[in-house]
Amino acid sequence: MIYCCASDCIHFHDGYCSLDDIGISDDFHQCEEYVDYTDTKEYNTEFWRAVTMNGKIYKRKDKGKRAKENGIAFYYLDKELEPETKIIEEKTGRMTAYKRLKELPDHIEAILKEQGKVSDLPEWKEGE
């Protein structure tokens with residue numbers, strides 16, 4: 001086993017590289033097999049995120065990993081789903097902590113009544 005400190009690499013597991021054979025570059029002594037997990041296909045699913053700018057709510061495109069639990073679809077960027085992982089609920093585009101997933105059904109309905117679906121919001125453009 002090879003010790004590793006690149007926790008954002010897809011091969012990193014509990015402080016070690018999961019590969020048996022790796023190459024190290026001569027120039028910067030970096031691992032040649034390093035792959036950032038956020039560069040993988042599963043973390044590059046596009047979705048709408050609700051953002052508030054100048055007192056108005058807009059939608060903004062973002063990318064993350066899609067998951068679904070208890071009938072609720074959401075996106076996130078962390079490598080592992082931990083209680084404090086920030087998730088973005090799919091219908092509303094609103095962010096919350098993963099540990100609050102069970103509380104979301106009531107909040108989702110209230111937000112949808114107030115703002116509507118995130119996909120129906122005007123798109124935020126840089127500079128607005």
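This is a conversation about the fold, the core and several single residues of a predicted protein model.

Reader: Before the details, what kind of model is this, and which residues do local features and side-chain atom pairs draw on?

Author: The model is predicted, so to speak of local features a pLDDT of at least 70 is needed, side-chain atom pairs count only at pLDDT 80 or more, and totals for chains, interfaces and linings use all residues. Residues are numbered from 1 along each chain as its sequence is written, and side-chain values use heavy atoms, with hydrogens and water left out.

Reader: Fine. How many helices and strands are there, and in what order do they run?

Author: The protein has one helix and eight strands, and from the N terminus on the order is β-β-β-β-β-β-β-β-α. Helices (H or I, at least four residues) and strands (E, at least two) are DSSP runs, numbered from the N terminus.

Reader: What is the radius of gyration, set against a compact globule of 128 residues?

Author: The protein has a radius of gyration of 19 Å, whereas a compact globule of 128 residues would have one near 14 Å. That radius is taken over C-alpha atoms, and the globule rule is 2.2 Å times the number of residues to the power 0.38. Along the principal axes, the C-alpha atoms fill a box of roughly 55 × 35 × 20 Å.

Reader: And what share of the residues counts as buried?

Author: Of the 128 residues, 34% count as buried, where buried means under 20% relative accessible area, exposed over 50%, and partly exposed in between (1.4 Å probe, protein chains only). The protein exposes about 8800 Å², and carbon and sulfur atoms supply 48% of that area; accessible areas come from the Shrake-Rupley method with a 1.4 Å probe, and for residues only the protein chains shown count as cover.

Reader: Switching to charge, how many positive and negative side chains are there?

Author: There are 20 positive and 28 negative side chains, and the centres of the two sets lie 11 Å apart. Lys and Arg count as positive and Asp and Glu as negative, while His and the chain ends are not counted; the place of a charge is taken as NZ of Lys, CZ of Arg, CG of Asp or CD of Glu.

Reader: Which residues make up the largest nonpolar core?

Author: That core has 11 residues, namely Tyr-37, Tyr-43, Ala-67, Ile-72, Phe-74, Tyr-76, Ile-87, Leu-101, Leu-104, Ile-108 and Leu-112. Strand E6 (72-76) and helix H1 (104-115) are the elements that give two or more residues to this core. A nonpolar core here is a set of buried Ala, Val, Leu, Ile, Met, Phe, Trp, Tyr and Cys residues joined through side-chain atoms within 4.5 Å.

Reader: Take Ile-87, then: what is Ile-87 in contact with, beyond its neighbours within four places in sequence?

Author: Beyond those neighbours, the contacts of Ile-87 include Phe-74, Tyr-76, Leu-101 and Leu-104, and also Arg-94 and Met-95, where contact means heavy atoms within 4.5 Å.

Reader: Is Glu-89 buried or exposed?

Author: Glu-89, which is found in strand E7, counts as buried because its relative accessibility is 4%. Leaving aside neighbours within four places in sequence, Glu-89 is in contact with Ile-72, Ala-73, Phe-74, Arg-94, Leu-104 and Ile-108. Its C-alpha atom is 9.7 Å from that of Lys-68, and the two residues are 21 apart in sequence.

Reader: Where is Lys-79, and which residues does Lys-79 touch?

Author: Lys-79 lies in the loop between E6 and strand E7 (86-89) and counts as partly exposed, at 23% relative accessibility. Not counting residues up to four places away in sequence, Lys-79 touches Ser-7, Cys-9, Ile-10, Phe-12, Tyr-37 and Tyr-43.

Reader: And Lys-113, buried or exposed?

Author: Lys-113 is found in helix H1 and is exposed, with a relative accessible area of 74%.

Reader: Back to the N-terminal part, what does Tyr-16 touch?

Author: Tyr-16, in strand E3, touches Met-1, Ile-2, Tyr-3, Cys-4 and His-11, not counting residues up to four places away in sequence. The C-alpha atoms of Tyr-16 and Tyr-3 are separated by 4.4 Å, although the residues are 13 apart along the chain.

Reader: Last one: where does Asp-14 lie, and what is its phi?

Author: Asp-14 lies in the loop between strand E2 (12-13) and strand E3 (16-17), with phi near 50 degrees, a positive value in a residue other than glycine. Asn-54 likewise has phi near 50 degrees, and is found in the loop between strand E4 (45-53) and strand E5 (56-69).
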